[in-house]
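Visitor: I have just opened this one and would like a walk through it. Could you take my questions as they come?

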Amino acid sequence: MSQRPGPAGPPNDAGWWRQAVIYQVYPRSFADADGDGLGDLPGVTSCLPHLADLGVDAVWLSPFYPSELADGGYDVADYRNVDPRLGTLDDFDAMVTEADRLGLRIMVDIVPNHSSDQHLWFQEALAAGRGSAARERYVFREGRGEGGGLPPTDWPSSFGGPAWTRVADGQWYLHLYAPEQPDFNWDHPEVREDFHRTLRFWSDRGVSGFRIDVAHGLAKDLAEPLRDLGADLSYQPDDLPEDGSHPLWDRDAVHEIYRGWRQVFDEYTPPRFAVAEAWVRPSRRTAYASPHGLGQAFNFDFLGARLNASQLRATIDDALADAREAGATSTWVLSNHDVVRHPTRYALPDHFTKQDIAAWLLTDGQDPRPDMDLGLRKARAATLLMLALPGSAYLYQGEELGLPEVTGLAREELRDPIWVRSGGTVKGRDGCRVPLPWTHDGAHYGFGTGEPWLPQPAGWGSYAADLQRGDADSVLELYRAALRLRRDLVVDEELTWAGSASQTESGLLHFTRTGGWHAVSNLSYQSAALPEGEVLLSSGPPADGQLPPWTTVWLRTA
Ligand code: NOJ
């Protein structure tokens with residue numbers, strides 16, 4: 001078992017990521033240095049001291065590449081460059097230098113399933129016409145029906161509507177996301193070679209690892225005739241076939257691609273690391289997390305689980321077992337740029353499903369009114385629980401400030417393609433992407449001098465980092481204290497459950513880690529007895545030997 005390293009660990013530690021805390025930056029919403037309303041790389045660099053002070057090990061940047069922003073940067077026009085609105089490659093290098101100085105590692109996002117329709121190759125494909133070699137790098141097909149006027153298959157786009165768009169000469173191209181995101185043809189050797197080049201390009205610039213977007217989508221069954229999904233084959237990760245036989249998602253052939261990537265990662269010392277964003281069945285996750293593949297895979301089960309002790313215990317056990325089987329560590333995520341921020345999720349009725357939350361967003365967060373005090377209390381408890389687990393914790397920018405989801409964005413302010421593609425029936429992900437408040441006053445709460453690309457709501461300044469710093473009760477200080485303690489407390493990857501089955505049923509989740517360190521969460525509406533021990537940290541004020549409702553404590557016993 002590898003030990004968790006210190007700040008960024010020894011530079012050559014190949015296992016630095018195993019129990020690292022990785023902070024996700026969504027660059028356009030993080031900090032705007034040049035006042036154009038869009039966050040940028042110099043903005044990231046200027047705020048790295050905040051992240052070092054917070055105590056994270058690494059920073060993962062969502063895409064900062066040239067993009068038309070049809071999908072918030074996940075439509076990449078040039079994989080080896082920086083969007084001029086966000087800076088230059090020199091700015092990127094300066095950011096890496098500053099990160100090095102502060103002992104932080106940098107990870108970048110790789111988006112291999114699709115490019116932007118502005119990518120040179122796609123523009124070439126459009127110009128070159130049907131039957132051309134340029135079209136082979138993407139997935140162009142003739143349509144069905146009279147005059148080829150119908151899409152080649154029934155495949156739906158994940159953002160709503162069909163996954164095919166027709167071009168001027170009558171052919172159709174595949175896009176499993178927005179029409180501005182044409183899917184690559186991964187059977188094409190040039191596509192494969194080009195991504196090796198991209199991985200080396202960023203590795204050579206000092207990047208320690210990669211987050212792989214839609215990692216389960218690359219290897220489609222493109223043999224003719226293309227297969228319709230029909231009524232039986234769904235897109236839902238839990239319904240995907242276990243044998244890799246879906247025509248689009250999670251096909252076994254994808255792992256051959258990642259074995260090639262592993263060879264590239266292993267050219268470096270330490271080897272570059274990667275984490276897969278793969279929406280697949282848990283049983284199929286291990287292949288992505290294999291040391292011969294990407295190395296780690298996101299586990300979103302924790303994010304999706306209710307704060308229910310029995311359910312969480314099972315979720316944690318499964319995730320740890322899967323990770324162990326893969327030879328990896330598990331990942332823990334409460335929020336990211338694709339989901340409603342967790343203090344707001346927890347402020348909603350316990351029985352709310354994903355669908356209920358989506359419907360609630362359409363009421364602009366008004367019906368029902370969320371109980372934000374309860375949401376924050378639960379969020380703090382969930383955070384200390386997550387940070388006590390063995391494995392890597394991925395934090396999303398602003399969660400260290402306890403930011404809620406912004407639910408009041410007006411329809412015309414929405415930028416997420418989901419809003420338009422769903423015909424105005426799904427509000428989308430803009431509410432978790434609103435630019436951060438750094439200061440309680442000043443232009444746009446310290447985000448930058450220009451009008452932010454998404455408006456910040458009134459009162460946003462009350463969450464500002466400068467107000468929270470030094471306030472022992474703040475969310476920021478809770479995260480700082482937890483990350484500081486975690487550095488000393490984590491010595492191996494073991495977890496042992498404590499507490500009886502009936503205690504778990506009544507909402508108590510209690511485990512120990514090596515060195516007499518306990519994490520005890522009371523995930524219920526009643527107080528519980530606090531186990532004996534020295535309280536190291538608590539997500540809320542403990543009361544008289546009692547563990548109040550929705551509270552996690554870290555304890556040490558002799
Ligand atoms: C997953 C990303 O996290 C999401 O933001 C994006 O829209 C899709 N992949 C498509 O790239």
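Visitor: Which helix gives the most to the lining of the largest cavity?

Guide: That is α8, with four residues, and α6 (282-289) and α8 (309-326) each supply at least two residues of that lining. Helices (H or I, at least four residues) and strands (E, at least two) are DSSP runs, numbered from the N terminus. Please keep in mind that this is a predicted model, in which local features need pLDDT of at least 70 and side-chain atom pairs count only at pLDDT 80 or more, while totals for chains, interfaces and linings use all residues. Residues are numbered from 1 along each chain as its sequence is written, and side-chain values use heavy atoms, with hydrogens and water left out.

Visitor: What counts as a cavity?

Guide: On a 1 Å grid over the protein atoms alone, it is a set of points where a 1.4 Å probe fits but cannot get out, and its lining residues have an atom within 4 Å of a point. Grid points are joined across faces, edges and corners, and the volume is the space filled by probe spheres set on the points.

Visitor: How many cavities of 30 Å³ or more are there, and what volume has the largest?

Guide: The structure holds four of that size, and the largest has a volume of about 90 Å³. Its lining consists of 13 residues, with Arg285, Ala297, Ala319, Asp322 and Ala323 nearest the centre. By class, that lining has six nonpolar, five polar and two charged residues, where Ala, Val, Leu, Ile, Met, Phe, Trp, Tyr, Cys and Pro count as nonpolar, Asp, Glu, Lys and Arg as charged, and the others, Gly among them, as polar.

Visitor: And what about the second largest cavity, what lines that?

Guide: The second largest cavity has a volume of about 70 Å³, and its lining includes Leu361, Glu405, Lys427 and Asp430. The classes there come to four nonpolar, three polar and four charged residues.

Visitor: Changing topic, which residues are closest to the ligand?

Guide: The closest are Asp71, His114, Asp213, His337 and Asp338, among 13 residues that surround the ligand, each having a heavy atom within 4 Å of it. This shell has four nonpolar, two polar and seven charged residues.

Visitor: Which side chains have an N or O atom by a ligand oxygen?

Guide: Arginine 211 has one at 3.0 Å from an oxygen atom of the ligand, and aspartate 213 has one at 2.7 Å. A polar side-chain atom of aspartate 71 likewise lies 2.6 Å from a ligand oxygen. Taken alone the ligand exposes 300 Å², and the protein buries 97% of that, with areas from the Shrake-Rupley method and a 1.4 Å probe.

Visitor: Is phenylalanine 210 buried or exposed?

Guide: Phenylalanine 210, in strand β7 (residues 209-212), is buried because its relative accessible area is 0%; buried means under 20%, exposed over 50%, and partly exposed in between (1.4 Å probe, protein chains only). Its C-alpha lies 4.5 Å from that of alanine 274, although the two residues are 64 apart in sequence.

Visitor: Where is histidine 518, and what does its side chain contact?

Guide: Histidine 518 lies in strand β14 (residues 517-522) and counts as buried, because its relative accessibility is 13%. A polar contact of 3.1 Å joins its side chain to that of threonine 557. Such a contact is a pair of N or O atoms within 3.5 Å; within protein, one must be able to donate a hydrogen and the other to accept it, and residues adjacent in sequence count only if both atoms are side-chain atoms.

Visitor: Which peptide bonds are cis?

Guide: The bond from glutamate 224 to proline 225 is cis, with omega near -5°, and so is the bond from threonine 269 to proline 270, with omega near -10°. Proline 225 lies in the loop between β7 and α5 (254-265), whereas proline 270 is in the loop between α5 and β8 (273-276).

Visitor: What is phi for valine 214?

Guide: Phi of valine 214 is near 45°, a positive value in a residue other than glycine. Most residues other than glycine have a negative phi. Valine 214 is found in the loop between β7 and α5, and it is classed as buried because its relative accessible area is 3%.

Conventions. 1 Å grid on protein atoms, 1.4 Å probe; cavity = no way out; pocket = protein on both sides within 12 Å on 5 of 7 lines; lining within 4 Å.
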